[in-house]
Structures are given as structure tokens and as C-alpha cells.
There are 2 protein chains.
Amino acid sequence: MTDQRRAVYDVLMGKRDHPTAVEVFTRVRERVASISLATVYNCLETLTDCGLAKTVADERGPARYCPNLDVHAHFFCEDCGGVSDIPLRNRKRPEDVWEFPQNLVIAHHEVAFRGKCPKCATDAAAKAKAAKRN
Amino acid sequence: MTDQRRAVYDVLMGKRDHPTAVEVFTRVRERVASISLATVYNCLETLTDCGLAKTVADERGPARYCPNLDVHAHFFCEDCGGVSDIPLRNRKRPEDVWEFPQNLVIAHHEVAFRGKCPKCATDAAAKAKAAKRN
DNA sequence: ACCTAAATAAGAATTGTTCTTGATAAGGAT
DNA sequence: ATCCTTATCAAGAACAATTCTTATTTAGGT
């Protein structure tokens with residue numbers, strides 16, 4: 001665990017908002033001014049290989065990183081671009097909802113929901129109501 | 001609906017194996033020899049915009065395309081690289097399994113499972129058994 | 001046949017990520 | 001403490017997938 005890796009890890013833990021590699025890079029720079037983007041990529045890869053972080057694929061956009069090690073899904077707000085963690089319900093498994101063929105072995109799953117986050121949904125509803133009044 | 005779009009659509013429907021844009025390109029070329037990769041991208045985008053196809057994001061690899069319009073998840077075999085469709089169980093919804101915050105509005109979801117497909121799982125099991133015998 | 005708008009082809013450009021190379025640093029053996 | 005070995009880092013080049021730009025072609029309407 002080098003200075004750079006520690007710094008990258010601290011940044012991930014510090015503001016758990018699923019930053020991209022570039023966002024991590026700019027945040028880490030405040031502490032380790034000389035770090036390069038390539039090193040940030042290396043550190044992020046090392047951390048994910050060690051199981052200290054996860055990568056979050058956001059469609060075709062840049063990959064995001066997440067220090068939440070629990071099994072969870074991600075929600076992407078189409079309005080504000082925010083990403084949040086969605087936990088599994090107690091004792092529930094994806095197998096309860098999807099119909100898998102026999103003998104299929106599931107190693108892991110990646111689940112992404114898209115839509116409006118609570119804040120943006122309420123804002124949109126308020127806006128619609130205001131428009132209706134006119 | 002132009003010749004190119006029809007050809008791209010026919011290729012997608014013809015072999016429902018979730019090809020990448022480049023794979024679609026090479027297949028379409030057999031029919032419309034002069035088509036360019038850019039046009040294939042354009043056609044695929046047009047088809048998805050019209051709701052005739054869906055894009056399937058495979059982590060950081062090239063996007064794949066799928067003409068199955070039903071709500072479904074995807075399974076990626078880590079051994080053979082194959083992609084297959086996983087249907088939702090009757091009357092089940094992701095909300096049954098994941099715990100969403102109040103007021104969150106879900107527009108759609110993308111679900112990917114990874115592991116061994118039935119064929120690769122059986123092959124691997126047979127191989128392990130053979131190794132054990134020695 | 002002409003005009004207009006849309007679709008296509010070709011290749012350049014862009015974006016996000018990975019690779020290559022040489023420099024640097026961290027431990028361990030002498 | 002010095003040398004040796006190994007891993008890490010920095011910098012920029014390279015790469016892959018996709019998008020953009022521009023000119024050309026095509027199709028449909030007048």
C-alpha cells in the first residue's frame with residue numbers, strides 16, 4: 001500500500017459518489033500533486049483486484065468506482081447524472097425474479113436502474129404542477 | 001427503411017447471438033458489399049431509436065445488439081464469451097428483490113449476469129471429474 | 001427533370017483506457 | 001550501509017470503439 005494507493009482509496013471512501021477515474025485523479029491531485037492519470041488507473045485496478053473497490057460500468061461512458069463491497073445494484077439518475085447504491089432486500093436473490101436455464105452457474109451480476117432519483121422526481125413533479133396552474 | 005437498414009435488421013434477426021457492430025458489419029457486407037462501418041453504426045442507432053432493437057452493454061467491450069424486445073436480462077459466459085437472454089419470471093419485477101428509496105422513478109433497467117453457461121459448466125464439471133480420476 | 005431533405009461513405013477526430021518505457025523507490029541479503 | 005531484486009510510478013504513445021465531418025448519393029415531392 002503506497003502513498004498513491006492510499007490517497008486513491010481515501011478519495012474513494014471520502015466522498016462515496018461513484019467518481020470516474022478522471023474525477024478521482026483531480027481529487028487525488030490535491031494531496032499527491034505529482035500523481036498521473038495512468039497511476040490513478042493503476043491504483044484503481046490494484047484496489048479492485050484486491051477487492052477493496054468495485055468498478056461500475058455506466059453504459060458507454062467512463063467507468064466509475066465504488067468502495068461499497070456489499071452486493072448491490074446501481075441507480076443512474078437521467079436528470080442529474082447522480083449514481084446511488086441500491087441494496088438487495090433481505091434474503092432475496094436475483095434468481096427469484098429471473099428465469100435461469102438449468103446448469104447455468106452465476107458468478108456475479110451487475111444491475112443498473114435508470115430513471116429519476118427522488119430529488120429530481122419531486123422537482124419534476126413540482127414543475128409539472130406549476131406549469132399546469134398557468 | 002433503406003436497403004442498408006433492412007440488411008442490418010435482417011442480420012440482427014437472422015442470427016440472434018448479440019453481435020457487435022463490427023460483427024454486424026462483416027455479416028451485412030455479404031449482402032450490401034459497399035456498406036461502411038459508420039453506416040452500420042448509424043443503422044443500429046436508427047433501429048434502436050425506433051425500438052426495433054436494443055443495445056447490450058458488455059462491460060468495457062464493444063456494444064452488442066439484440067432484437068429481442070421483451071424485458072429481459074443478459075447472461076455473459078465467461079468461458080465461451082457467449083451472450084444469452086434471460087427472461088423475467090411471470091409477474092415478477094426487480095422491485096421485489098431490490099430495496100428502492102421512496103419517490104424514485106425507474107424508467108428501465110439493465111441486468112447482466114456472468115458465469116458459466118450450461119454447456120461450459122457441464123464441460124468444466126466433466127473436466128474436473130476426469131482430472132480427479134488421475 | 002428539378003429541388004429539397006435525408007441517408008450514406010470515407011476517413012478524421014474524439015474519448016476513455018491500456019501499454020511501453022525508463023526512472024524511482026522499497027525491502028531483503030550480504 | 002551498500003548492493004540487488006522487484007515492484008511501482010510517471011509520461012506519453014498507442015489503442016479500440018465510437019462519433020463527427022464533409023462531400024456524395026439517393027429518394028420523394030413539385
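Which element gives the most residues to the surface near DNA strand C? In this predicted model, that element is α3(B), with four residues.

**The surface near DNA strand C**

The surroundings of DNA strand C comprise 17 residues, of which A:Ala63, B:Thr2, B:Gln4, B:Ala38 and B:Thr39 come nearest. Both protein chains take part through their helices: α3 (37-49) of chain A, and α1 (3-14) and α3 (37-49) of chain B, are the elements that give two or more residues to this surface.

**Symmetry of the two chains**

A turn of 180 degrees, with a shift of 0.0 Å along the axis, lays chain A on chain B with an RMSD of 0.1 Å. This is the relation of a two-fold axis. Within chain A, A:Val111 has the C-alpha nearest the axis, at 2.2 Å from it. The two copies use the same surface, as 100% of the contact residues of chain A recur in chain B.

**The contact between chains A and B**

In the contact between the chains, 38 residues of chain A meet 38 residues of chain B. On the side of chain A that touches chain B, at least two residues come from each of β3, β4, β5 and α4 (118-133). The element that gives the most to that side is β5(A), with twelve residues.

The table sets out the residue classes of this side and of the surface near DNA strand C.

| Surface | Nonpolar | Polar | Charged |
|---|---|---|---|
| Side of chain A that touches chain B | 22 residues | six residues | ten residues |
| Surface near DNA strand C | eight residues | seven residues | two residues |

**The sheet shared by the chains**

Strands of both chains form an open sheet of six strands with mixed pairing, in the order β4(A)-β3(A)-β5(A)-β5(B)-β3(B)-β4(B). The edges are held by β4 (83-87) of chain A and β4 (83-87) of chain B; each has a single partner strand, so one side of each is left without a neighbour in the sheet. On average, and with direction ignored, neighbouring strands of this sheet are turned by 25 degrees against each other.

Between the chains, β5(A) pairs with strand β5 (residues 105-116) of chain B in the antiparallel sense, over eleven bridges. In this pairing A:Val111 stands opposite B:Val111; A:Val111 is also the residue of chain A whose C-alpha is nearest the axis.

Within chain A, strand β3 (residues 72-77) and strand β5 (residues 105-116) run parallel and are joined by four bridges. A:Phe75 has A:Phe113, in β5(A), as its bridge partner.

Notes: Residues are numbered from 1 along each chain as its sequence is written. Chains are lettered from A and ligands numbered from 1 in the order in which they are written. This is a predicted model: local features need pLDDT of at least 70, side-chain atom pairs count only at pLDDT 80 or more; totals for chains, interfaces and linings use all residues. Copies are superposed by least squares on the C-alpha atoms of residues with pLDDT of at least 70 in both. Two residues are in contact if their C-beta atoms, placed from the backbone, lie within 7 Å. Two strands pair if DSSP finds at least two bridges between them. Axes are lines fitted to C-alpha atoms, for helices over the stretch in contact, and angles run from 0 to 180 degrees between N-to-C directions. Ala, Val, Leu, Ile, Met, Phe, Trp, Tyr, Cys and Pro count as nonpolar, Asp, Glu, Lys and Arg as charged, and the others, Gly among them, as polar. A residue is near a molecule or strand if its C-beta atom, placed from the backbone, lies within 6 Å of it.
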